[in-house]
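Thanks for coming. I have one model to go through today, and I will keep to what the coordinates show.

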Amino acid sequence: IFRMKIRPGAATGKSVGIIGAGPAGISAAIWLREAGHDVVIYDSCERPGGVLRYGIPEFRLDRKYIDRYEVILEEAGVAFRGGTIVGKDITLRELREKHDAVLIAAGAGIPRKLDVPGEEDANVIYALDYLKDPSAYNLGRNVIVIGGGNVTMDACRTAVRQGCDTTVYYRKSFENMPANAIEVELAREEGVKFALFEVPVGFNEGRAVMRKCENVLKPDGRVSTKMLEGTDHEVEFDTMLVAISANVDFDIFGEDKPALNRYGWPETNDSQQTSLKDVFIAGDFILGPATVVDAVASAKKAVAGILNYLCPANLKTKTNHEFHRTHNSGDHVSRNRAFPPDSHQERISFRHEMLVGLRPGRHNLHRRQPDSGERHPEPGPRRYRMLLLLEHPGNLRAEETRGERMVPHEPEKAGGVSEELG
């Protein structure tokens, strides 16, 4: 990444406005510049990076990598408008007037609430807000974290580093915990405690009222939670960090409302183009809260759609911007994939899958069957980008981050911790 240079394509005279400077927005900006389009990124934060800078803790992702992407964007000629809230400082309609196409990749930045009485307590903090600047919060000694996803793991591991006695409360089992198993394992090794099958139902004079629950297997195979009446008990805390998911802000559309599907999300075609023909969406706006890998993959698909929309004739000839599918339908890397995979060979295949994303046309990587014995091509230093680091930074050795080769690191298993992601 420190040798990475973007070569803008021949100028097309077209411009694209991107809302959001996270993984999807950054990736899209790079690809669009390589295609010769002018690009302006609008973001509410002062610096680009999104969740990479303002969500993933620094002990998991060194900020020098995000700083480097900031330089790459600047050198590529991408304009950045930080501190700009679309819908307040500028409207989507105004952006559509300024640009030939708009990509919404703003991410899921609105914390989901518990919706229980007393949640407005000053000592109840949302993990997404906390992780933006942990040093700004005095959590006290006793911290409880509600949730079971990767944000929960980031929050509890950060709190432990601030000297807090930290316990995660989750309503299901380890096997059903959506967080990456390696993150759960590391949290336990670092001293985080876990209380399973418990959920907050209210507050009483600064104490959380927790209720025990059990898992119920539905006919379709999904696991739901059934709360058990008569099991309420109080838990003292200095700070509660809530990390139970997040929502996107559809107010960003303002008066330019796209057609919605039956779930209330913007209706799109295969190119992630909305009913507003010049407006595309990517990342959490189409996936819901998802991983960095998923966000980048969706940006890749949206950019292909934007290129086709802006310059359809150019896609009929070979360009430096070939977008191709790297996975079979339904076989993309997602949070529902077990990590680490079962075999040494499959681990390597899994990590190669995660590499594909930031540099389309530069990777000649294809999935192989774990039992085939076929060797994977080793990516050279110029081909090894930071996408893997962004997804599982704590699971890489130093030589991997330098891009020399990928050596699977076999973490020791902690008893009782499942390796299933969801």
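I will start with the chain as a whole, then take the helix packing and the cores, and end with a few single residues.

First, a caution: this is a predicted model. The protein chain has 422 residues, and 51% of them count as buried. Its secondary structure comes to twelve helices and 16 strands. If you take the contacts with a separation of 6 or more, 67% of them join residues 24 or more positions apart.

Now the helix packing. Two packed helices are described by the angle between their axes and the distance between the axes, and I will give both for each pair.

Helix 1, residues 23–34, has two partners I want to show. One is helix 3, residues 63–75; the two axes come within 10 Å and cross at roughly 30°. Angles under 35 degrees count as roughly parallel, and therefore helix 1 and helix 3 are roughly parallel to each other. Their crossing is left-handed. On the helix 1 side the contact uses Ile26, Ala29 and Ile30, and on the helix 3 side Tyr69, Ile72 and Leu73. What kinds of residue are these? Six are nonpolar, with no polar and no charged residues in the contact of helix 1 with helix 3.

The other partner is helix 9, which runs from 292 to 310. Here the axes of helix 1 and helix 9 are 8 Å apart, and the angle is about 35°. This crossing is right-handed. Helix 1 brings Pro23, Ala24, Ser27, Ala28, Trp31 and Leu32. Facing them, helix 9 brings Val292, Ala295, Val296, Ala299, Lys300, Val303, Ile306 and Leu307. By class, the contact of helix 1 with helix 9 has twelve nonpolar residues, one polar and one charged.

That leads to the cores. Which residues have the most contacts inside the largest nonpolar core? They are Ile18, Ile30, Leu32, Ile41, Leu103 and Ile306, in a core of 41 residues. You have already heard some of these names: Ile30 is in the contact of helix 1 with helix 3, while Leu32 and Ile306 are in the contact of helix 1 with helix 9. The elements that each supply at least two residues of this core are strand 1 (15–19), helix 1, strand 2 (38–42), helix 3, strand 4 (101–104) and helix 9. Helix 9 gives the most, with nine residues.

There is also a second, separate core, of 24 residues; Leu139, Met153, Tyr170 and Ala187 are among them. Two of those names come back in the next helix pair.

That pair is helix 6, residues 150–161, and helix 7. Their axes come within 10 Å and cross at roughly 20°. Helix 6 and helix 7 are therefore roughly parallel to each other. Helix 6 passes helix 7 in a left-handed crossing. The contact takes Asn150, Met153, Cys156 and Arg157 from helix 6, and Glu183, Val184, Leu186 and Ala187 from helix 7. The residues of the contact of helix 6 with helix 7 divide into five nonpolar, one polar and two charged. Met153 and Ala187 are the two I mentioned from the second core.

Next, two residues from this part of the chain. Phe174 sits in the loop between strand 8 and helix 7, and helix 7 covers 181–189. Is Phe174 buried or exposed? At 13% relative accessibility, Phe174 counts as buried. Its C-alpha atom is 8.7 Å from that of Val184, ten residues away along the chain. Val184 is one of the helix 7 residues in the contact with helix 6.

Asp165 lies in strand 8, residues 165–170. Asp165 is partly exposed, with a relative accessible area of 29%. Leaving out residues up to four places away in sequence, Asp165 touches Arg141, Asn142, Val143 and Lys193. Asp165 and Gly140 are 25 residues apart in sequence, and their C-alpha atoms are 9.0 Å apart.

Last, the backbone. Most residues other than glycine have a negative phi. Asp115 is not a glycine, yet its phi is positive, about 60°. Asp115 is in the loop between strand 5 (110–111) and strand 6 (124–126), and at 68% relative accessibility it counts as exposed. Ser245, also not a glycine, has a positive phi of about 120°. Ser245 lies in the loop between strand 14 (239–242) and strand 15 (246–247). At 31% relative accessibility, Ser245 counts as partly exposed.

That is what I have; I will take questions now.

Terms used:
Residues numbered from 1 in each chain as written. Predicted model: local features only at pLDDT ≥ 70, side-chain atom pairs only at ≥ 80, totals over all residues. Heavy atoms only, no water. Axes fitted to C-alpha atoms, helices over the stretch in contact; angles between N-to-C directions. Helix = DSSP H or I, 4+ residues; strand = E, 2+ residues; numbered from the N terminus. Parallel < 35°, antiparallel > 145°, perpendicular 65-115°, else oblique. Left-handed = near helix turned anticlockwise from the far one by under 90°. Contact = heavy atoms within 4.5 Å. Nonpolar A, V, L, I, M, F, W, Y, C, P; charged D, E, K, R; others polar. Core = buried A, V, L, I, M, F, W, Y, C linked by side-chain atoms within 4.5 Å. Buried < 20%, exposed > 50% of the residue type's maximum accessible area, 1.4 Å probe, protein only.
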